[in-house]
Protein chains: 2
Amino acid sequence: MMRAGPSQEEIRRHNLGVLLRHVHLGGPTSRAELTTRMGLNRSTIMALTADLTAAGLVREELPRETGRAGRPSLVVRPESARVYVLAFDIGVDRLVAARVGLGGVILDRREAIRRRGPLVLDEVTAQLGSFARQILKKTRSDTICVGVGVSFSGGVRSGDGMVRYAPNMGADDTPLGEALAERLALGVPVAVGNDANLGALAEQARGVGVGCRDLIYLHGDVGIGGGIIAGGQLLGGRDGYGGEVGHMVVNSGGRPCGCGARGCLEAEVGERALLEAAGRFGRQVGRDAVRAVVDAADRGDVVAQDALARVGDWLGLGVANLVKIFNPEMVIFGGMLREIYLGAAAQVRSRVATDVMPASREGLRLRTPVLGDDTTLVGAAELAFAQVLADPLDTLARVGA
Amino acid sequence: MMRAGPSQEEIRRHNLGVLLRHVHLGGPTSRAELTTRMGLNRSTIMALTADLTAAGLVREELPRETGRAGRPSLVVRPESARVYVLAFDIGVDRLVAARVGLGGVILDRREAIRRRGPLVLDEVTAQLGSFARQILKKTRSDTICVGVGVSFSGGVRSGDGMVRYAPNMGADDTPLGEALAERLALGVPVAVGNDANLGALAEQARGVGVGCRDLIYLHGDVGIGGGIIAGGQLLGGRDGYGGEVGHMVVNSGGRPCGCGARGCLEAEVGERALLEAAGRFGRQVGRDAVRAVVDAADRGDVVAQDALARVGDWLGLGVANLVKIFNPEMVIFGGMLREIYLGAAAQVRSRVATDVMPASREGLRLRTPVLGDDTTLVGAAELAFAQVLADPLDTLARVGA
C-alpha cells in the first residue's frame, strides 16, 4: 500500500507472468483474446509472446478453424509436453506422485498405499524418490522441470516446508521439504503445503470454484482440514497455519481429539467418529470404510443412517460457523468429506438454514470438487508452478534452462 | 492478478494517495523521510507535495529544530483544521458524533445516551443530524467535509449501508446509510460499516495493531462482533457480512441467542450471560453493570468471580477457535469485552494454551484497544477518509472543493 509505482522492467516481467498464467489456466488462447483480456495493445502482446516462445514456455500456431473470413489470430498454447513440475500428495492412506505439464496436464501418475502410522521421513522420501526416478526416466531430454510441489496432511510452516504438527500422521517438527529436496536432488525448489489449502487453490484455479473470491474447501482425510480463500487470497495467517478449522471446537466437552482438545470438528465428524457411530470401528478403515457406511445408509441400514445424520449435523454446525465467520460464496467438501456430505446433505443444509442469518448465507453454494480425489495433487502442482508464473524468465534461469 | 501495468496518470494518482496516507497516519513527515519510505526520487516527492498543497490537503513548513547542520528538509503536515470528516458511532446504549480532521484529530465530539429498544430510524437520524448541525455551525467557512462514516452494531451490506440484521438493535433491513445521507444533505458520500470491522481497522491504523497483517478485533456491545484483518485485508466475504464471530456456536445446545441459534459466543459471553451468571440481571444494564461485576470479583465476591470465570472460559474457547482458524498475530478485546477480558484474562489464556496447537499460537498477543471506547468512532472516521486517501484530487472535485 505504501509502495511507489513499478519500473518498466517490473511491468514487463509482471506481464510475462500474467500472459503465461492466462494460457496455463485458460488453455490455448488467441492473441486477439489476450489483447482484450489483458488490456494491452497488440504489439505488446506480440512482444511478450515472442519472449515466452523464445524461452520455450509457449508456442504459437494457427487455430484449427475460425469460421470467420480474414487472417486468423494466432493461438498461444502452453508447452505442456516440455515444461512440467513434479507433484506429490502425501495422505494418511496413500502416496501419489505425478508429472504435470504447464497448463495443468497430468502426464504421468503413480500411486502407492501408505500403511497407517507415524510418518517415517526416510520411508516416505524413498518411495517418492523412487516414483520420481521412474517418472523422469520416461521424460525426453529436452523437457524441463521447473519445480516440485507437495501436499501434506498437516500443519506446514510457510517458507521452508517444515511440518509442525500432524495429529493423524504422528509427525511433529519434521523437515519434510528439506529431506525431500535432498533425496530428489533436482536442483529445483521443493514447496510443501497443507493439503486443504492446496485443495482450495486447485478448485479455485481449475475446479468448481473458478471465479470465486471467497470460498472454503473442507478436506477429509481421516481428520479434517480447511483451506480458505478470502477476498481472493489464501488465508495463511502469521506463519501459514491459518485454516485449521478441523480443530474448531463445535461440541465443548465432546469426543477427545488427536490435537489434545475435545469436541473439535474433526473429533465429531472425522473417520473414527463416523465408524464408531455406525458400530463399525476396528473392522475396516479409510475411504472404503466411509463409503460402506454411506452405502449401507442408502440401502436402509438404520444404524448407518443414524450415524450419518449425527455426523452430518456436527458437520452442518461447523459449516454454519464458518459461513457466519467468512460469508463465503461456496463451501466445497473434498476427500472423505465428499462421501459424508453426499450422504448427509440434508442435515448439513438444515443446520446452515437454521443457524445462519439469512444475509450471511444468501447465494451460498455447497459443492463437491470437480477435480475429485486429485484436488490436493493438482493443488501441489499449482504450488510448484507458482514461481514460474510469477516470474517466468527468472525462474527458468534459476533452474538452469 | 490478470491486469496489465498501470498508466503514468494512474501511478501519479496512486502516489498522491500514498503520500497523503503517510502523513494522515504517520503525522508530519519530512520530505526526506517520504523520499525514503516511498522509494521515489526527491523531485517526484516535491511534485506530489506541491499538488496536495495546492489542493489544500497538506502544507509544508520548517521543522521546529533538526539538531543537524545544513538546510533542514521541509515537513509535510496534514491540513487537519481544514479537511475533515464527520464520524458517527451508533451503539446499543449511546450515540456519538465527531468532527475528525485529516490526520485523525478529533476536533469536536458529542455524545448522547440511547434508550435500549428497536432502532427507530427517524429518531436516530434526527439526533445525529442535530449533532451534525451543532458541529458544522462551529466550523470555519474555509473548511471542507470530505465524507461521512458511520459505525453500527450489526450486519451492514457493503456498498449501500443497508442494515441487514442487528439482533441487539431490533433492526432488520433498515436503509440506514440512505436515510442518514438524506437527513444530513451534505452532498458527500455516507459510508456505514459494522462496528467491529471498523474497530479492527482503527486499531490497525492507529492503535495497538499498527504493523499487524493478521489480527482479530472482538467488540462487545451487549452482543459480540468481530473484525478480522487477514493478510492485511479486512475480511468482508461475499457481501460484507464476514467476521460474525459472535454467532459462532461454541456451546451446542447452550443458551438461546438473539439470532435464533443456541450457544453462540454472544449468548455465552455477552452482557446478559455475565449478568445472569452473577445474579444481577434486571438490576442495571450496560457498561456500568459489567464493570460492577468485575469490580465485585476484584473485591472477592465469589458469585461475581464464578460468573467471570465461566464467561471467561467460553470467551477463551471462542478465541482458541479463532486462533486455530486465523493464526493471527494479535487478538484485541474492545468495548465491553475489554472489561471482561481484563477480569478473566487467566481463563482466556488458559483455554488458548490448552486448546490451540503450539504452532498456531506462537507469538500470539492478547491486547486491549489503545483507542479505548473511541475505537469504533475512529474506525468510522477512517472509513470516511478512505475515499480521499484512495484518490485525493478526484474526491475533492466530487465534494465540490
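Me: When do two strands count as paired?

Reply: Two strands pair if DSSP finds at least two bridges between them. In this predicted model, chain B has an open sheet of three strands in the order E1-E3-E2, and the pairing is antiparallel.

Me: Which strands lie at the edges of that sheet?

Reply: An edge strand pairs on one side only; in chain B these are E1 (29–30) and E2 (58–61). Two bridges link E1(B) to strand E3 (residues 75–78) of chain B in the antiparallel sense. To find the register, look at Ser30(B), which has Val75(B) of E3(B) opposite.

Me: Which helix packs on this sheet?

Reply: Helix H1 (residues 8–26) of chain B does, touching E1, E2 and E3 of chain B. The direction of H1 makes about 75° with that of E3(B).

Me: What is the strand order in the open sheet of five strands?

Reply: Chain B has the order E6-E5-E4-E7-E10 there, with mixed pairing. E6 (105–113) and E10 (190–194) of chain B are the edge strands. From one strand to the next, the twist averages 15°.

Me: How many bridges join E4 to E7 in chain B?

Reply: Seven, between E4 (residues 83–90) and E7 (residues 144–152), and these two strands run parallel. Leu86(B), for instance, has Val148(B) in E7(B) as its bridge partner.

Me: Which strands do helices H4 and H5 of chain B touch?

Reply: Helix H4 (residues 121–137) packs on the sheet against E4, E5 (94–101) and E6 of chain B, its direction making about 35° with that of E5(B). Helix H5 (residues 176–184) touches E7 and E10 of chain B, and its direction makes about 145° with that of E10(B).

Definitions and conventions: Residues are numbered from 1 along each chain as its sequence is written. Chains are lettered from A and ligands numbered from 1 in the order in which they are written. This is a predicted model: local features need pLDDT of at least 70, side-chain atom pairs count only at pLDDT 80 or more; totals for chains, interfaces and linings use all residues. Helices (H or I, at least four residues) and strands (E, at least two) are DSSP runs, numbered from the N terminus. Axes are lines fitted to C-alpha atoms, for helices over the stretch in contact, and angles run from 0 to 180 degrees between N-to-C directions. Two residues are in contact if their C-beta atoms, placed from the backbone, lie within 7 Å.
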